[in-house]
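Reader: Please show me the chain and its model. I would like to go through some of the packing, pairing and salt bridges.

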Amino acid sequence: MQLASVRSLHLTTPVRLLPDPELIAQYRNAGGQVAEPAARPFRVVFGDGNTLQGDTRGFVRIEHGLFLHLITHDDLVVRAFVPAPAFVSFRVGTLLGEQLINSGEINRGDVEKALGTQAQRRQTLLDAHFGDVPIADAKTLAAAVEKRGAPSSHVRIGDILLNQGLVSRDQLFEALLRQRPNQRSTLGSLLAEMGALTPARVAQAVADQLGVPVVALKGFAIDPAVIAMVDSAFAIEHQVIPLLATEHALIVAVENPVDAGYLDALRFATQRQVIPVIASSGDLAARIEAEYAPKVLAVRSASIRDEIEDLKRRLASASGNLQGTSANRQVSESDTLLVRLVNKMIIDAYEQGASDIHVEAYSDDAPTKIRFRIDGTLSDYQELPTVLRSALISRLKIMASLDISEHRKPQDGKIDFQRFAPLKVELRVASLPTANGLEDIVMRLLSSSKPIPVDKLGMGAALEGQLKAMVRRTYGLILVCGPTGSGKTTTLHSLLAEVNTSENKIWTAEDPIEITHPGLRQIQMIPRAGLTFATAMRAFLRADPDIIMVGEMRDAETTKIAVEASLTGHLVLSTLHTNSAPESVVRLLDMGLDPFNFADALLGVLGQRLARRLCADCKVPMEDAADQLLPMAQEYCAETTLDLTEVLAEWQARYGTPEGGKPVLYKAVGCAHCHDSGYRGRVGVYELMTATPAIKKLIQERRPVEALFQQAMADGMLRLRQYGLLTVLQGLTDWRSIRSACA
């Protein structure tokens with residue numbers, strides 16, 4: 001049907017408008033209010049001068065036209081649609097001028113004069129399309145707010161988006177279901193996560209509907225006294241910044257003024273009317289960091305022990321009993337000191353290079369332990385008193401948008417820490433129920449990073465050259481294996497960076513995406529939505545790829561698709577959780593791969609570990625280094641045909657001192673730079689099994705791991721422990737760390 005030729009469509013059977021109980025319940029659960037649509041007169045003017053008029057009970061305007069509910073009799077309505085190309089104007093409700101004329105309070109000439117003045121004023125900045133010309137100075141903003149006043153607090157963002165046709169009822173219903181009362185995710189952010197619309201479009205819709213000014217925070221002059229009116233922790237957590245203040249009002253910039261319940265707390269704290277205006281999320285984050293960073297970063301210089309002692313003294317003076325339940329109730333998840341302690345904990349973990357934070361709750365009066373995993377080893381960070389246990393867990397769950405009322409099931413979430421402090425880091429959060437109804441929290445730090453060049457990974461020149469040659473092949477399969485936390489993802493992205501050029505189209509499927517660089521098309525796995533490694537691989541094959549990286553070979557379907565892709569002209573890179581390079585081959589064959597196809601596809605398997613690196617500032621030579629060389633050489637030659645004497649002679653030639661002395665071995669001591677551990681950072685330990693013709697033949701014959709090991713070493717492969725012992729001779733680590741990493 002050509003809508004341009006249709007004036008209006010009517011469903012001629014009258015119906016009665018009935019409430020939607022499910023949607024109303026969702027609105028009320030989320031704190032919304034429901035109002036019956038009132039009957040109002042309407043008038044539509046068509047392009048040919050004809051009109052359609054009557055009474056309607058509500059209306060919806062979308063890009064494609066206008067929906068009306070024409071009132072007939074007995075409160076029934078006829079549903080009508082007027083296509084956008086058919087009409088030139090419409091109005092719903094009686095105009096104020098007509099009301100005044102009908103009541104005899106004013107004549108038509110005065111109304112027409114007032115309308116002319118109104119038309120002129122609509123050309124000014126204040127009546128422009130709000131998102132097109134953001135306000136950039138205090139004077140214009142004050143005038144705009146004075147003219148328009150505060151937005152209505154009774155409107156719901158769902159109504160705005162639904163009435164403007166930006167989301168469907170099903171999308172709104174799904175977002176409301178996701179918006180649990182204990183979560184702080186806004187309806188707009190949830191719709192954006194669902195891909196229904198962008199955050200900028202949400203803000204634009206709100207600005208247009210409510211007449212709320214949009215401000216450009218970059219370059220906007222703010223009085224420091226106004227900044228001081230809002231606490232830094234509050235501003236960072238809720239992403240709100242004050243702009244102007246009068247004796248009775250405070251104008252603040254927010255991303256979304258609808259559903260902003262936290263502004264009630266700000267009204268109470270400032271004893272002023274709070275008027276929100278709109279700013280982009282990026283501008284908000286940048287300006288909040290610029291204004292509040294000095295105050296927030298001052299927390300770093302304060303000892304966390306001082307914070308705890310301060311809290312203990314406050315609780316003791318209030319209750320006289322730190323371990324009693326009355327004292328426990330006085331600490332909430334929003335307590336200012338607790339918020340500072342949590343932020344300090346995460347900042348310290350980041351600065352110390354921790355990969356994980358473990359929060360372990362114990363029953364009775366035992367303190368809550370916090371431990372950091374640094375360079376692969378757990379170390380104690382702090383013990384907190386029992387009174388902080390529940391509030392600490394709740395605070396972390398709130399930050400991760402988890403359900404604080406759920407204590408019986410594991411939960412997973414993510415913290416964007418930039419919302420709470422000026423530090424760009426994300427944390428993957430896992431909440432696990434433990435004995436006695438308690439919970440533990442484990443957080444993985446996912447600091448956004450760029451790929452490390454291959455020549456910076458610490459590989460030897462020969463190994464580095466082999467890998468670069470493999471990744472420049474136009475097809476085939478490259479695997480990186482090792483346990484969790486051994487640096488497999490880092491290595492894969494380093495290899496991808498070698499071939500990330502304009503000539504190559506690279507798709508990656510990851511869970512989670514930890515490293516990003518321009519040019520890669522990266523997809524985050526969402527299993528609950530059906531987006532798995534296998535489904536992503538199938539989709540990639542229809543997206544004209546040159547190179548595919550899949551985060552992990554988890555199942556037979558993924559491995560089969562990967563092998564097929566590598567045989568049809570694509571280079572495929574992936575990881576496996578196996579102990580060594582030859583074992584990876586046997587594992588994949590056991591998953592049902594065809595040995596002939598797999599052998600044809602395979603280019604090589606890189607096994608790797610991470611060992612602790614000696615601190616360069618405090619390591620010292622070992623006194624008994626000469627006594628250590630023989631047992632090290634014996635371990636190096638074990639299960640090989642190498643000659644012990646020849647190995648020792650080679651070590652002497654390569655790693656001995658220039659004066660002809662024995663190789664120097666170092667030991668850990670400990671200093672302020674490494675937090676007295678003696679180690680700082682990690683060093684890679686590798687073994688590369690290249691798919692030589694001999695290896696391919698063994699794969700086709702399904703030979704055992706031992707045979708693959710022997711052939712790989714005959715082809716020049718160094719086993720993990722052998723490679724690790726060479727790093728000891730280079731002074732990068734010690735024998736103890738290599739044994740721990742390669743055990």
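Reader: Which residues of helix 25 are buried?

Author: This is a predicted model, in which local features need pLDDT of at least 70 and side-chain atom pairs count only at pLDDT 80 or more, while totals for chains, interfaces and linings use all residues. Residues are numbered from 1 along each chain as its sequence is written, and side-chain values use heavy atoms, with hydrogens and water left out. Buried means under 20% relative accessible area, exposed over 50%, and partly exposed in between (1.4 Å probe, protein chains only); helices (H or I, at least four residues) and strands (E, at least two) are DSSP runs numbered from the N terminus. In helix 25, residues 693-700, the buried ones are Ile-695, Lys-696, Leu-698 and Ile-699.

Reader: Why are they on the same side of helix 25?

Author: The arc is taken from the directions that lead from the helix axis to the C-beta atoms. The buried residues lie on the same side of helix 25 because they cover an arc of only 160° around the axis.

Reader: Which elements do the buried residues of helix 25 pack against?

Author: Contact here means heavy atoms within 4.5 Å. By that criterion the partners are helix 21 (581-590), helix 22 (595-601), strand 21 (602-614), strand 24 (679-690) and helix 26 (705-714).

Reader: What is the strand order of the open sheet of seven strands?

Author: Two strands pair if DSSP finds at least two bridges between them. The pairing in this sheet is mixed. Strand 21 and strand 24 pair in the antiparallel sense over 10 bridges, with Arg-609 opposite Val-685 in strand 24. The order is 18-17-19-20-16-21-24.

Reader: At what angle to strand 24 does helix 17 run?

Author: Axes are lines fitted to C-alpha atoms, for helices over the stretch in contact, and angles run from 0 to 180 degrees between N-to-C directions. Helix 17 (residues 461-471) lies across strand 16 (476-481), strand 20 (571-576), strand 21 and strand 24. Its angle to strand 24 is about 60°.

Reader: Which residue in helix 17 meets Glu-464 in a salt bridge?

Author: A salt bridge is a side-chain nitrogen of Lys or Arg within 4 Å of a carboxyl oxygen of Asp or Glu. The N to O distance in this pair is 3.2 Å. Both residues are buried, and they sit four residues apart in helix 17, about one turn. The partner of Glu-464 is Lys-468.

Reader: How many residues apart in sequence are the parts that Glu-498 and Arg-472 tie together?

Author: The two residues form a salt bridge, with the closest N and O atoms 3.0 Å apart. Glu-498 lies in helix 18 (residues 488-499) and Arg-472 in the loop between helix 17 and strand 16, so the parts tied together are separated in sequence by 26 residues.

Reader: Is strand 15 largely enclosed or exposed, and why?

Author: Strand 15 covers residues 439-446. Six of its eight residues are buried, so the rest of the structure leaves strand 15 largely enclosed.

Reader: Which residue in strand 15 is the bridge partner of Arg-428?

Author: Strand 14 (residues 426-433) and strand 15 run antiparallel and are joined by eight bridges. Strand 15 also pairs with strand 10 (residues 354-360), in the antiparallel sense over four bridges, and there His-358 stands opposite Val-442. The bridge partner of Arg-428 is Arg-444.
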